[in-house]
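Work through the exercises below with the sequence and the coordinates open. Each task is followed by a solution in steps.

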Amino acid sequence: MAWRFKASKYKNAAPIVPKPEACIRDICVGSYQTFGNNIAASAAFMAFNWEHTGSSVAVLALDDCGRKGKTMPLLHGHTDTVTDLEFSPFHDGLLATASQDCLVKIWHIPEKGLEQSLTEPECVFSHKQRRVETVGFHPTADGLLHSTAMGCVTLFDITMQKEIFTNNEHPEVIQSVSWKQDGTTLATSCKDKNVRIIDPRAGDAPIQMVAESHQSIKDSRVVWLGNQTRILTTGFDAARLRQVIIRDLRNFTVPEKTLELDCSTGILMPLFDPDTNMLFLAGKGDTTINYLEVSDKDPYLTEGLRHTGEQTKGACLVPKRALKVMEGEVNRVLQLTSNMVIPIMYQVPRKTYRDFHSDLYPETVGYKTELSASEWFNGVNLPVPKMSLDPAKRELGDTPIIPRLGPKPFSSNSGDVSFDKVFAVPVAPGSQENIHHISTMGATVDNGGDGFVQPAPAAPVASTAATTQNKPDLIVEIEIKKPNAGNANESNIQKTLSTSERRKSSADADESPDKIFEQTHSESSENSTEGDDKPDAELRRFSAARSSIAERRRLYESRSKSQVEEKSQSPVPLRRELSKIEPLKPQQQASLATPTVDVKRISAPEGKLLEERRRNITTVDGSSVAAIKKSATEAAITTTHKRTSTVFGKVSKFRHLKGTTGHKSTHIENLRNLSRQIPGECNGFHANHERVAVPLSGPGGKIAIFELSRPGRLPDGVIPSLVNGSNIMDFQWDPFDSARLAVACDDGIVKLWRIPEDGLNEPTNTPERELIAHLDKIYFIRFHPLAEDVLLTASYDMTVKLWDLRTLEEKVLLTGHTDQIFDLAWSPCGRFAATVCKDGKLRVYNPRKSETPIREGNGPIGTRGARITWALEGQYIVCTGFDKVSERQISVYNAQKLNAALNTASLDVSPSILIPYYDEDSSTLFVTGKGDSTIYCYEITDEEPYICPLSHHRCTSLHQGLSFLTKNHCDVASVEFSKAYRLTNTTIEPLSFTVPRIKSELFQDDLFPPTRITWKPTLSADEWFACNDRKPTKISLQPDGMDALSSIQQVAPAKKTEHAGNGSSNAMTRAEFEKNKQKEIQKSVSDRLEYNTKLEQDDMEGVDENEWQED
């Protein structure tokens, strides 16, 4: 039979898409303009770009599934978009990332995955101010990394942490790189429409071959077809049709096969499996994934079953040793979409899968190599030994083979240290080979808790911890004595205990007579936040040992503006790891280093350690146990500060804020002729507690003034307005005078209007005063938040001026802007001003000290517009704007360091600019845009993630503007913490933001701290220009005759204190506490309800005794 009529074993391989429950859902992925695949996978993990900027990377277990939140741990290592990422073929936890910030970083993923975010890589390589495009590992040499930046190809030796090869002969950007399977040469595709074959060890002429490729400068990819002498490229032709070209190195300039596909714009990502010759083509933005078989004879490419589903953002293949071979899975494609990771299983149909089908699974490249980077560069070629996928021939059966989960932290500059020695990991954890290795090496020491052992003599716990104290995450090492150890080898093996194993060992310890730690509570009760007051004197208030989870939580809540009222919903485990371990004293080390010690590595939460210390339990050797407890407690006290939202979940008391529109009787209706020509720098609507200002359409620059004291339907006819005579650029009410309105016009003049007490009854064109501020148009105007009669103007001439409105005199001129000024915001203290500009820069000015900015940093990339405001008493700056794909975003910056945003939250794609309003008392940020129907609410915090979403308010109609009132106009009796007026196309509606509370009859002093008086001037213009600063006074919002919530909650702490004095033996258990609490609730309900203990039959007339006698 001719070969072309022979049926392929993989011809009918069918894509099987799992149910949504088996996928990773609710992730945040943007659209990235990179040459990478945006996702990578090893046999243990997957990694993909996170959020719209893509500067962070999410790392999850390969078999993970379910919903993921924005609080999940990430790799925060780059300041710009991650362009490419790849796992090592020999270490499943070794990840390389390349970024537009010109850096390549190597990461080590722990055995259990990311339990907290990582910011410190193992090593960093720089490309010297050139954006890194691609990164990857060598297929045969361990520790050899390649990366490209512009037209440069570079090889790095990771073990030595140095560059060993570089080539700059590509005239344009290198778009793709692929190694031959034997690791001898590599192929590149370039923007100059050529494909090249490079031998890095060829000396002065590394480029061996050059041929013209796809005739379009759009992104092209190249992949080497295994160990064959052929390469495959994808790209576009001159007519922008997508192409697939196969070339043979023996006739390199002439394509062996050219396949025209379609005219779609999606970049084709080729994924090739050399074992089965299966080729998958996934286009960025496409909803289909094509499957083709590659052969060495005509027709070369045979199309298989096509998968159609979600829109693709990225794709990658899973290593063969992680496949489910007993289910007929021959390949698995991980498809990255905008909110999911979908594992697509390609299965070959068979009658039964009870047996291993060896015809489907030829031997594949293994995971062990003896070749180092230096040996390969010196000319040594050594193929990677192949392995069988047959479960019967594997030590762990049909379990996916996961050989290594990455290296230990390394930094070696000596030439005698090989890459394999640096990593020093077992070949396969749990295998017979691994156990034999440990038994032959004797005692071992575990370094850092990442699942790897390294040959070393037995050492005290403190010295072990000291070797890794520079690591960001450490776990306490505790030595537990066990008399009469049965097996010396087993007693010397360090073991990482899981949570279930720790619980089991604790239960066994309780039953043993020589137990050390006595447990009376479960782990959940140890981490409980109830019953925080402890009997130990060292844990009392103002004590240095107040470091338990409950104590630190209460300490956080006492100083934070937002507190927790709900249980933790964070997907991050409730686990606090120690960041510093103090070494033990020499005598303590001597007492610990005994030959009968069985060293176990126990992850001990801080709360558990303090609980154990409080129990003061002694053992046979009390000194060693006391030393352990002392070291653990001291280490717990010196832990670094963790963000509360990770450990305790969301901690905002405003999480469930509620927006309510006022009754229709409070609306101003029948609005008409609203202006749609207001510039983007103007908010378009301003209100104070007495009146609102609304721009009207038509010539003359009209602004209508409506009295809030006269709601209802406006009469038909001419609306009384302020006629400015020129187009309106911006307008704003004086914060200290509700009757004065400042209007900026396009002729550079600012007009000051005085509104009569009874309102505006007829049109007028005579302002109170006029200020000739600039010779060009004015962008916006801003009143000073504390000083009276101080006005700021920003103009098209890119200058900012400060004026004294009493004398109409220019006081300060600020320069330094190079493009259009989008917005300016005064700091709460009134000393600084922050601006955001079209040139993508944020600037902070001290106007009375310098006319140039004192700080400068990068702001939003988009040029449509932006807004800026201050937060957290001026320590942070919040900026809203657009990214490069026109997606709206909110960024938080440290006011002292503007080089990069601390965090950025993306919303949606919309042309309207997000206008922010920040409530400093609740730390709540309200943002919305013209034409939106949703008011987005966030809490700004001083720790990660810095911006936390609250309950958003969705309106029934679109709004054209939103203006908030000062705090003294909030109805605190109704728990209203913010009040605003909303402008729609035809109405002006009041909007109230409240927090649901049970005891609303009390003043919620935890929601309403003393507020700054911003509706009265703190100082005059002369005082402010003379640099005489004064803090505004604060007042309480508590109404007269209304009790505060805290005043009735002081009884419970007193009872706790009295109870705590009786000692730990009389401490109330959680069950007793819940029982007493239930009784109090029943008693409280009974007191409020009317009930009668009298029975109905008590009122009935009975029968005589003689009637009961029987006849």
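The exercises that follow concern strands, loops, rings and cysteines in a predicted model.

**Exercise 1. A four-stranded sheet**

Task: Give the strand order of the open sheet of 4 strands that contains β41, and identify its edges.

Solution.
Step 1. The order is β39-β40-β41-β43, and the pairing is antiparallel.
Step 2. β39 (686–687) and β43 (721–723) each have a single partner strand, so one side of each lacks a neighbour in the sheet and these two are the edges.
Step 3. For the contact between β41 and β43, take β41 as residues 702–707; 3 bridges join this strand to β43, and the two run antiparallel.
Step 4. Within this pairing, alanine 704 is placed opposite serine 721 of β43.

**Exercise 2. Three strands in succession**

Task: Describe how β45 is joined to β44 and to β46, and state how many of the residues of β45 are buried.

Solution.
Step 1. Strand β44 (residues 728–734) runs antiparallel to β45, with 6 bridges between them.
Step 2. The turn from β44 to β45 has 2 residues between the strands, and the pair forms a hairpin.
Step 3. A bridge in this pairing puts tryptophan 733 with leucine 741 of β45.
Step 4. β45 is also joined by 5 bridges to β46 (residues 749–754), again in antiparallel fashion.
Step 5. Here alanine 744 has valine 750 in β46 as its bridge partner.
Step 6. The hairpin of β45 and β46 has 3 residues between the strands, and its glycine 748 adopts a positive phi near 85°.
Step 7. Of the 9 residues in β45 (residues 737–745), 8 are buried, and the strand is therefore mostly covered under the 20% limit on relative accessible area.

**Exercise 3. Three loop residues**

Task: Place histidine 127, lysine 180 and asparagine 251 in their loops. For each, decide whether the residue is buried or partly exposed, taking buried to mean under 20% relative accessible area.

Solution.
Step 1. Histidine 127 belongs to the loop between β10 (123–126) and β11 (132–137). Its relative accessible area is 3%, so histidine 127 is buried.
Step 2. Beyond its neighbours within four places in sequence, histidine 127 has contacts that include Cys102, Val104, Thr148 and Phe156. Ser147 is also one of its contacts, and the side chains of histidine 127 and serine 147 make a polar contact of 2.6 Å.
Step 3. Lysine 180 is in the loop between β15 (174–179) and β16 (186–190). Its relative accessibility is 14%, so lysine 180 counts as buried.
Step 4. With neighbours within four places in sequence left aside, lysine 180 touches Pro139, Thr185, Trp224, Gly226, Asn227 and Gln228.
Step 5. Asparagine 251 sits in the loop between β21 (242–248) and β22 (257–260). At 44% relative accessibility, asparagine 251 is partly exposed.
Step 6. Arginine 230 is 21 residues from asparagine 251 along the chain, and their C-alpha atoms are 9.8 Å apart.

**Exercise 4. Rings and charges**

Task: Classify the geometry of the aromatic pairs Phe48–Trp50 and Trp1024–Phe1025, then find which lysines lie over a ring.

Solution.
Step 1. The whole structure contains 20 aromatic pairs.
Step 2. The centres of phenylalanine 48 and tryptophan 50 are 6.5 Å apart with 40° between the planes, and the pair is tilted. Both residues are buried.
Step 3. Tryptophan 1024 and phenylalanine 1025 have ring centres 5.1 Å apart and planes at 75°, so this pair is edge-to-face.
Step 4. Tryptophan 1024 has 1% relative accessibility and is buried; phenylalanine 1025, at 19%, also counts as buried.
Step 5. The ring of phenylalanine 1025 also has the charged end of lysine 811 over it, 5.7 Å from the ring centre.
Step 6. Elsewhere, lysine 218 is over the face of phenylalanine 236, 4.4 Å from the centre of the ring.
Step 7. A cluster linked by ring pairs consists of Phe654, Tyr917, Phe926, Phe964, Phe977 and Phe993.

**Exercise 5. Cysteines**

Task: How many disulfides does the structure hold, and are cysteine 829 and cysteine 1027 buried or partly exposed?

Solution.
Step 1. A disulfide is a covalent bond between the sulfur atoms of two cysteines.
Step 2. The number of disulfides in the structure is 0.
Step 3. Cysteine 829 has 38% relative accessibility and counts as partly exposed.
Step 4. Cysteine 1027, with a relative accessible area of 33%, is partly exposed.

Terms used: Residues are numbered from 1 along each chain as its sequence is written. This is a predicted model: local features need pLDDT of at least 70, side-chain atom pairs count only at pLDDT 80 or more; totals for chains, interfaces and linings use all residues. Side-chain values use heavy atoms; hydrogens and water are left out. Two strands pair if DSSP finds at least two bridges between them. Buried means under 20% relative accessible area, exposed over 50%, partly exposed in between (1.4 Å probe, protein chains only). Rings of Phe, Tyr and Trp (its six-membered ring) pair if their centres lie within 6.5 Å; planes under 30 degrees apart count as stacked, over 60 as edge-to-face and the rest as tilted. A charge sits over a ring if NZ of Lys or CZ of Arg is within 6 Å of the ring centre and within 35 degrees of the ring normal. A disulfide is a pair of cysteine sulfur atoms within 2.5 Å. A polar contact is a pair of N or O atoms within 3.5 Å; within protein, one must be able to donate a hydrogen and the other to accept it, and residues adjacent in sequence count only if both atoms are side-chain atoms. Contact means heavy atoms within 4.5 Å.
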